[in-house]
Protein chains: 2
Amino acid sequence: MSTVKITEEQLQLVEKLGLVFEGPGLQPAAARVAALLVVSDTLELTFDDIREILNLSKSATSNAINLLLNVHRIEYITKPGDRKRYFRSNLARWKNVMKEKFMDLEKTNSVLKEVVDQRTPATKEFNQSLEEMVSLMRFMNQQIPRLFKEWEKSKS
Amino acid sequence: MSTVKITEEQLQLVEKLGLVFEGPGLQPAAARVAALLVVSDTLELTFDDIREILNLSKSATSNAINLLLNVHRIEYITKPGDRKRYFRSNLARWKNVMKEKFMDLEKTNSVLKEVVDQRTPATKEFNQSLEEMVSLMRFMNQQIPRLFKEWEKSKS
DNA sequence: TTTTTGGTTCTGCAAATAGAGAACCAAAAA
DNA sequence: TTTTTGGTTCTCTATTTGCAGAACCAAAAA
């Protein structure tokens, strides 16, 4: 029986943030675990803390945690003389997660380029619009990393 | 029986682009319809063209088309003395679709702000990292519309 | 050596998604 | 007035997803 407690409002916030996380491809249970580790006053929670607070089964908890570990959204520490793992949000990696999100524009872009390259020349106007899209995406992809750097600089 | 034809390679490209479209929340059939209207040499396809080329049932075709119409990914024209609707990709709206994609960073951001505002002051370092994230997102949200404008200018 | 702990894996089910096929329907054509 | 066209809507089914519960397991503790 874990002693870690969480308020009703915090739980609601976990739901809310969980929904946000569900958007970009996280399944419900994993999204809530990720959210919990951002909202909770106690930053490092054990398997059972998580299970009890979120009312999940062991299997769901295990799967959610391992999924989040795999994509590096969370990490864990251990404590001497304690077999448990203490999970916490991997905030340091969030910036990369954000960058990666932007980067999949590039995937879209490359497929779109393929489409442009094989279009019939007969539809000139359409092709031009499409090329414009490709060019816009490429432009954004170039500029965004620059923005990241700019921001880094501005805060130092 | 429609006369519009499409090559084997184009069909494969439809699949490929369709997968890209499935990512951001389009269901398979709709994603393929959207993709087809970008790949096809003939830019304006009828209900039955689409149905036959993609081998969909009438219901699937109808639902996919209406979904895409609702989110303005496609539009249609009519021809005098012809009851059919001719569907085509709404390229003009793509830029907006892209912008909207960026904008949902803002939703994430506002929830994250809520989280920051109610965190215990005890976890100073963590809170600072979180605030940094919020600030980074805000920064990106400010800069991105500027980038759009900059690009518009650069091509004129 | 047996028991407990901290999980993982397997089995199964309930709900959600996706699409087929047929029935249906209103407007236009015959 | 009847038929055809261009779809829409309803019903049903296959598949996928998401999770519970129980069985299981290796390492550590007793």
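This report walks through how two chains fit together in a predicted model, and then looks at the sheet inside each chain.

A few ground rules come with the model. Residues are numbered from 1 along each chain as its sequence is written, while chains are lettered from A and ligands numbered from 1 in the order in which they are written. Local features need pLDDT of at least 70, side-chain atom pairs count only at pLDDT 80 or more, and totals for chains, interfaces and linings use all residues, with side-chain values taken from heavy atoms and hydrogens and water left out.

**How the chains relate**

Two copies of a chain are related by a rotation about an axis and a shift along it. Here, chain A lands on chain B after a rotation of 180 degrees with 0.0 Å of shift along the axis, at an RMSD of 0.1 Å; the fit is by least squares on the C-alpha atoms of residues with pLDDT of at least 70 in both copies. That is the relation of a two-fold axis. What's more, 100% of the interface residues of chain A are also interface residues in chain B, so the copies meet through the same surface.

**Helix against helix**

Two packed helices are described by the angle between their axes and the distance between the axes. Helices (H or I, at least four residues) and strands (E, at least two) are DSSP runs, numbered from the N terminus. Axes are lines fitted to C-alpha atoms, for helices over the stretch in contact, and angles run from 0 to 180 degrees between N-to-C directions.

Take helix α5 of chain A (residues 94-118) and helix α1 of chain B (residues 8-22): they pack at about 155 degrees, with axes 10 Å apart. α5(A) and α1(B) are therefore roughly antiparallel, a label for angles over 145 degrees. α5(A) passes α1(B) in a left-handed crossing, meaning that the near helix is turned anticlockwise from the far one by less than a right angle.

Which residues of α5(A) and α1(B) meet? On the α5(A) side they are A:Thr108, A:Val111, A:Leu112, A:Glu114, A:Val115 and A:Gln118, facing B:Gln10, B:Leu13, B:Lys16, B:Leu17 and B:Val20 of α1(B). Contact means heavy atoms within 4.5 Å. By class, this contact of α5(A) with α1(B) has 6 nonpolar, 3 polar and 2 charged residues; Ala, Val, Leu, Ile, Met, Phe, Trp, Tyr, Cys and Pro count as nonpolar, Asp, Glu, Lys and Arg as charged, and the others, Gly among them, as polar.

Swap the chain letters and there is α1(A) with α5(B), whose axes come within 10 Å and cross at roughly 155 degrees. α1(A) also passes α5(B) in a left-handed crossing.

**The strands**

Two strands pair if DSSP finds at least two bridges between them. In chain A, β1 (residues 45-46) and β3 (residues 82-89) pair in the antiparallel sense over 2 bridges, and β2 (residues 74-79) pairs with β3(A) in the antiparallel sense over 6 bridges. β2(A) and β3(A) form a hairpin with 2 residues between them, and A:Gly81 in the turn has a positive phi of about 70 degrees.

Some opposite partners are these:

| Residue | Stands opposite in β3 |
|---|---|
| A:Thr46 | A:Tyr86 |
| A:Glu75 | A:Arg88 |
| A:Lys79 | A:Asp82 |
| B:Thr78 | B:Arg85 |

In chain B, an open sheet of 3 strands runs in the order β1-β3-β2, with antiparallel pairing. Its edge strands are β1 (45-46) and β2 (74-79), each pairing on one side only. Helix α2 of chain B (residues 28-39) packs on this sheet and touches β1, β2 and β3 of chain B, with its direction at about 85 degrees to that of β3(B).

Notes. Angles under 35 degrees count as roughly parallel, over 145 as roughly antiparallel, 65 to 115 as roughly perpendicular and the rest as oblique.
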